[in-house]
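Biologist: Could you walk me through a few loop residues in this one? I'd like the numbers behind each.

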Amino acid sequence: MNHQSWLTLLKKHRAIAVIRSSDKEVAWQMASAVAAGGIQFIEITWNTHKAPELIAELRSEFPTFSIGTGTLLNLEQLQQAIDCGAQFLFTPHTDVTMIQAAVDAGVPIVPGAFSPTEIMAAWEAGATCVKVFPISGLGGAAYLRSLQGPLSGIPLIPTGGVTLENAKVFIDAGAIAVGLAGDLFPKHLVQDRDWGAIVQIAKTLTQNLTTC
């Protein structure tokens, strides 16, 4: 899938589930639950237990979904992620060399940025989108909205502070999509293995965002 097709699908579905776990089986169940709830974009962080195996297995189980990875910190990790079949790549920072490697491989990449200068640097280096991170430390939706004037041509994805309650606010403020982690997977539900409850959370989020 080329970058533009990926962006078109992302804009349609709006939500990216971010999964991090020290237990591969738990991560699998988390991914399966949000998939059942209708979330089509699933990010398995690279520091999740056996992330490469899990990404490959999820791609096989959910062939119509977009399964990617994040928390990629260096070029070696990025190349390993590409090799295991990750369909999109997130980094917490802007690294021009990593962006170029992803572009050369034809895999969508979403680097993290904090300021307008970093956002522009990531975009000019070839980023597919830019992750505005951590949005909670930047003023939330008001900050994202303030970027729309000078940077309205750059697709932005806020993470690190997006909740079930404010996700739609970010979309209304101009985000192409949002990334959620903790709010999708409340600790007590994961500990109790209450996957049905997480399915319902994902369904509610999906319904709220796809009406945007």
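**Loop residues and their backbones**

Modeller: Let's begin with Lys50, which is partly exposed at a relative accessible area of 43%; partly exposed sits between buried, under 20%, and exposed, over 50% (1.4 Å probe, protein chains only). This is a predicted model, where local features need pLDDT of at least 70, side-chain atom pairs count only at pLDDT 80 or more, and totals for chains, interfaces and linings use all residues. Residues are numbered from 1 along each chain as its sequence is written, and side-chain values use heavy atoms, leaving out hydrogens and water.

Biologist: What is phi of Lys50?

Modeller: Most residues other than glycine have a negative phi. Lys50, in the loop between β2 and α3, has a positive one (helices are DSSP runs of H or I, at least four residues, and strands of E, at least two, numbered from the N terminus). Its phi is near 55 degrees.

Biologist: And Arg14, buried or exposed?

Modeller: Arg14 lies in the loop between α1 (3-13) and β1 (15-19). Arg14 also has a positive phi, about 75 degrees, without being a glycine. Since its relative accessibility is 11%, Arg14 counts as buried.

Biologist: Which backbone oxygen lies 3.3 Å from a polar atom of the Thr48 side chain?

Modeller: Thr48 is buried, with 3% relative accessible area. Leaving aside neighbours within four places in sequence, its contacts (heavy atoms within 4.5 Å) include Arg20, Ser21 and Ala27. The oxygen in question belongs to Ile19.

Biologist: What is omega where a cis peptide bond joins Phe133 and Pro134?

Modeller: Most peptide bonds are trans. Pro134 is in the loop between β7 (130-132) and α7 (141-151). For the cis bond joining Phe133 and Pro134, omega is about -10 degrees.

Conventions. Polar contact = N/O pair within 3.5 Å; in protein donor to acceptor, adjacent residues only side chain to side chain.
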